[in-house]
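These are comments on the model you sent, set out as numbered points. Please read them with the coordinates open.

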Amino acid sequence: TSAFGNGVSEYSFDSVVGLSPNPHLGYRGNITGTWGNTTDYGVYAQPLSWALAQFGFVGDAFYGVGDDSTITSRLDNGWPVVVWLALWGDQSFRTDYDGQSFTLVPGMHVMVAYGYDTDGIYLSDPGSGIYRFYDWASFNSMWSVLDGMAMAVYPAS
């Protein structure tokens, strides 16, 4: 949202997104908990997309499933894209809550893609406050663990 001059603090999302053991429905655990575990884990794209509407933005949640054009086409539109990356490799496992099965991944981290070239993709890492570059093969290896979960963000009007 800051890319459009109207930054919304991650903490503004807390009460809007809500809590759930299933990260497809809300924050799993404590948002300020220890990073990298699956107890204080975080949230997936869909609940964030619902919340963005309350702040005047569209959250275009999608699954790239290894198709780089799903992300590059959105970046070409000038939309930053939030991506879920398995920084520790594929340590995914299935679990369930209330009859719904879903995947958790230790070491899952969210970054914002803001550009790309033929060699790879450029990301802003909010956890460290630094910019990163990954070649396409490395990026896709991490991105594919959750089927290329991503969310483009742009103003609602």
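1. Two strands are taken to pair if DSSP finds at least two bridges between them. On that basis, S5 and S6 are joined by a hairpin through three residues. The two strands pair in the antiparallel sense over four bridges, and one bridge pairs Tyr116 with Ile121 in S6. Please keep in mind throughout that the model is predicted.

2. The sheet as a whole. What is the order of the strands in the open sheet of six strands? The order is S1-S8-S2-S5-S6-S7, with antiparallel pairing. S1 and S7 (130-135) are the edge strands, each pairing on one side only. From one strand to the next, the twist averages 35°.

3. The S1 edge. S1 pairs with S8 in the antiparallel sense, over seven bridges. Within this pairing, Tyr63 has Met149 of S8 as its bridge partner. When following side chains along the strands, recall that in a regular strand they alternate between the two faces of the sheet.

4. The S7 edge. S6 and S7 are antiparallel too, and their pairing runs over six bridges. Tyr122 is bridged to Phe133 in S7. The hairpin of these two strands has four residues between them, and Gly129 in that hairpin takes a positive phi near 75°.

5. Helix H3 against the sheet. H3 lies across S1, S2, S5, S6 and S8. Its direction is at about 55° to S5. Which residues of H3 (69-76) are buried? They are Thr70, Ile71, Thr72, Arg74 and Leu75. Arg74 deserves a look in the viewer, as a buried residue of H3 that belongs to the charged class. The cover over the buried residues of H3 includes S1 (57-63), S2, S5, S6 (120-125), H4 (136-143) and S8. An α-helix has 3.6 residues a turn, so residues three or four places apart point the same way. Just after H3, Gly78 has a positive phi of about 85°.

6. The largest pocket. It holds about 1200 Å³ of space. Its lining is made up of 37 residues, and those nearest the centre are Glu10, Leu48, Val82, Val110 and Pro126. Two or more lining residues come from each of H2, S2 (81-86), S5 (108-116) and S8 (149-155). Which element gives the most to the lining? S5 does, with four residues. By class, the lining divides into 21 nonpolar, 14 polar and two charged residues. Anyone setting up a docking box should note that Glu10, one of the residues nearest the centre, falls in the charged class.

7. Asn22 and its loop. Is Asn22 buried or exposed? Asn22 has 3% relative accessibility, so it counts as buried, the cut-off being under 20%. It sits in the loop between H1 (14-17) and H2 (45-52). Leaving aside residues up to four places away in sequence, Asn22 touches Tyr97, Gln100 and Phe102.

8. Ser15 in H1. Ser15 lies in helix H1. Its relative accessible area is 68%, so Ser15 is exposed. The C-alpha atom of Ser15 is separated by 9.5 Å from that of Ala51, although the two residues are 36 residues apart along the chain.

9. Backbone angles to check. Most residues other than glycine have a negative phi. Val65 and Asp147 are listed here for that reason, being non-glycine residues with positive phi. For Val65 the value is near 40°. Val65 is in the loop between S1 and H3, and it counts as exposed because its relative accessibility is 58%. For Asp147 the value is about 60°. Asp147 is in the loop between H4 and S8. At 44% relative accessibility, Asp147 counts as partly exposed, since that class lies between the 20% limit for buried and the 50% limit for exposed.

Key
Residues numbered from 1 in each chain as written. Predicted model: local features only at pLDDT ≥ 70, side-chain atom pairs only at ≥ 80, totals over all residues. Heavy atoms only, no water. Buried < 20%, exposed > 50% of the residue type's maximum accessible area, 1.4 Å probe, protein only. Contact = heavy atoms within 4.5 Å. 1 Å grid on protein atoms, 1.4 Å probe; cavity = no way out; pocket = protein on both sides within 12 Å on 5 of 7 lines; lining within 4 Å. Points joined across faces, edges and corners; volume = space filled by probe spheres on them. Axes fitted to C-alpha atoms, helices over the stretch in contact; angles between N-to-C directions.
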